[in-house]
Amino acid sequence: MPLGSADVDYDAIVVGGGPGGATAATVIAQEGHRVLLLEKERFPRYQIGESLLPATVHGICSLLGVSDELARAGFPRKRGGTFLWGQNPDPWTFAFALSPQLADHAFQVERSKFDTILLTNAARCGVTVKYEHQAVGVLRANGRVTGVRYTDDNGHQRHNTARYVIDASGHTSRLRDEVGGHRQMSPHFRSIALFGYFAGGKRLSPPNSGNILCASFSSGWIWYIPLAPNLTSVGVVVRQDCADRLRGDKRAAYDSLIAECPMVRDYLDDVPPAQTPPYDQLRVRRDYSYHHTVLWCPGMALVGDAALFVDPIFSTGVHLATYGALMAARSVNTVLAGELDEATCFGEYEARMRREFTMLYKFLVSFYEAHDEQTYFREAQRISGQHASPIEAFVDLIGGVSSGDIALSAGAKDITAIITQPNEHGDVIGLREIPVVAAALQGAVATSRIRQDNPEYDGKPLFDGGLGVSRNARRWQCHQR
């Protein structure tokens, strides 16, 4: 294929305009570098993955400069999660407020709106954003990736060169194999998700009405995400041995599976399916837990779903995408600043990304195999290696801050004050009355007080001999532990 005409060169080319791509492009541009972002679609566009973590909302989004815009968008506040899972016949709830490192809420978002906020902000920060531009391959010279070949919005073949290419183009990436290695599918999570939307639905009682609800049933589990008063995302995740149930009429199969879960069935009683595009369709996603065996090569890195994805029960997809994008951007910024070499910087990116993915993966395996809440909490503590109480270790892990990265934490807070803090409606959160939380609260409060008495800059290395994080969180730096 001919290369086509060439435009100006860039310091970095980012492929994909989702949260991972927008994050990487923005953080690189914030350091004064020239960035091109290629997005194959026209925004706003539909995307699954509506439930966010506090680490993304109050960490990454704060760094990007969109916190105020998110607060004004009117997204439902997600204070934690509610689960009908394990041996407990009643739903149990966890609250983000139990961790002194987390803000007390995240958001449930319509991705079409959330992604547009991030990508529009990238353009404001100086990123050249080109919509309806499809990457088709990379350029190479002297053993490294040096640019991208793509088709523009008029169907013309073009190419650009860059010091670095970041592939954030999602699970269907055309470029991922350019770094070497291969995609390794999970032997544990070979599930199939059939998901759609309803025009309303019952909500949990305040202050948890914005929580995600995950309810298990005989064939798998269901997610139930309140996106707006008249819009609810409902996904049925079935085991591979139940896949035959999805053959034929998908709407009939969807309704039949929901009917097997009494709690969700009752929440949707007499609620019609959504009729407004793009929420009027049923969609299928299968075999969605995987990792690429190589995450970077000279001149190029994979981030987000192009790199890895794990079972969505704790809504970690956008977290893994944005956190990985931030670390890849740090690597680019540090090398371009001439402060450290490429292998050291991207080696740190890959090591941290593998650690984050592996912790979540191991915990999810145990979560599916264990049968009670206290076991889940202890497993989170063991897998993450935290010295915090089990409930706090659990909340830190599924809230996205177990790495201790300076950019993800909302800053230490005193949860003894949050226990009786009124919400925006004047209601008292009353964590002591939430099932499960009450039994674990005493140890979490003690741990919080210890952390308050010992404030510490958390830009230090995560690994012996590894790199720390700069004060502005946009570069790596050599730092003694």
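Helix 8 (residues 342–369) lies across strand 18 and strand 21. Relative to strand 18, helix 8 runs at about 170 degrees. This is a predicted model. Helix 8 also packs with helix 9 (residues 373–384), while strand 18 and strand 21 belong to an open sheet of three strands.

**The sheet under helix 8**

- The strand order is 12-18-21, and the pairing is antiparallel.
- Strand 12 (183–185) and strand 21 are the edge strands. Each has a single partner strand, so one side of each is left without a neighbour in the sheet.
- Strand 18 (residues 290–292) pairs with strand 21 over two bridges, in the antiparallel sense.
- Tyr 290 stands opposite Phe 309 of strand 21.

**Helix 8 against helix 9**

- The axes of helix 8 and helix 9 are 10 Å apart, and the packing angle is about 155 degrees.
- Angles over 145 degrees count as roughly antiparallel, and helix 8 and helix 9 are therefore roughly antiparallel to each other.
- The crossing of helix 8 past helix 9 is right-handed.
- Helix 8 contributes Arg 355, Met 359, Lys 362, Phe 363, Ser 366 and Phe 367 to the contact.
- Helix 9 contributes Tyr 376, Glu 379, Ala 380, Ile 383 and Ser 384.
- By class, this contact holds six nonpolar, two polar and three charged residues.

**Thr 316, in the loop after strand 21**

- Thr 316 sits in the loop between strand 21 (308–309) and helix 7 (317–336).
- The relative accessibility of Thr 316 is 2%. Buried means under 20%, so Thr 316 counts as buried.
- Leaving aside residues up to four places away in sequence, Thr 316 touches Leu 53, Val 310, Asp 311 and Leu 360.**Helix 10 and the residue after it**

- Helix 10 (residues 390–399) is mostly covered, with nine of its ten residues buried.
- Among the buried residues of helix 10 are Ile 391, Ala 393, Phe 394, Val 395, Leu 397 and Ile 398.
- Glu 392 and Asp 396 of helix 10 are also buried, as is Gly 399.
- Gly 400 follows helix 10. The phi of Gly 400 is positive, near 95 degrees.

How values were computed: Residues numbered from 1 in each chain as written. Predicted model: local features only at pLDDT ≥ 70, side-chain atom pairs only at ≥ 80, totals over all residues. Heavy atoms only, no water. Helix = DSSP H or I, 4+ residues; strand = E, 2+ residues; numbered from the N terminus. Buried < 20%, exposed > 50% of the residue type's maximum accessible area, 1.4 Å probe, protein only. Contact = heavy atoms within 4.5 Å. Pairing = 2+ DSSP bridges. Axes fitted to C-alpha atoms, helices over the stretch in contact; angles between N-to-C directions. Parallel < 35°, antiparallel > 145°, perpendicular 65-115°, else oblique. Left-handed = near helix turned anticlockwise from the far one by under 90°. Nonpolar A, V, L, I, M, F, W, Y, C, P; charged D, E, K, R; others polar.
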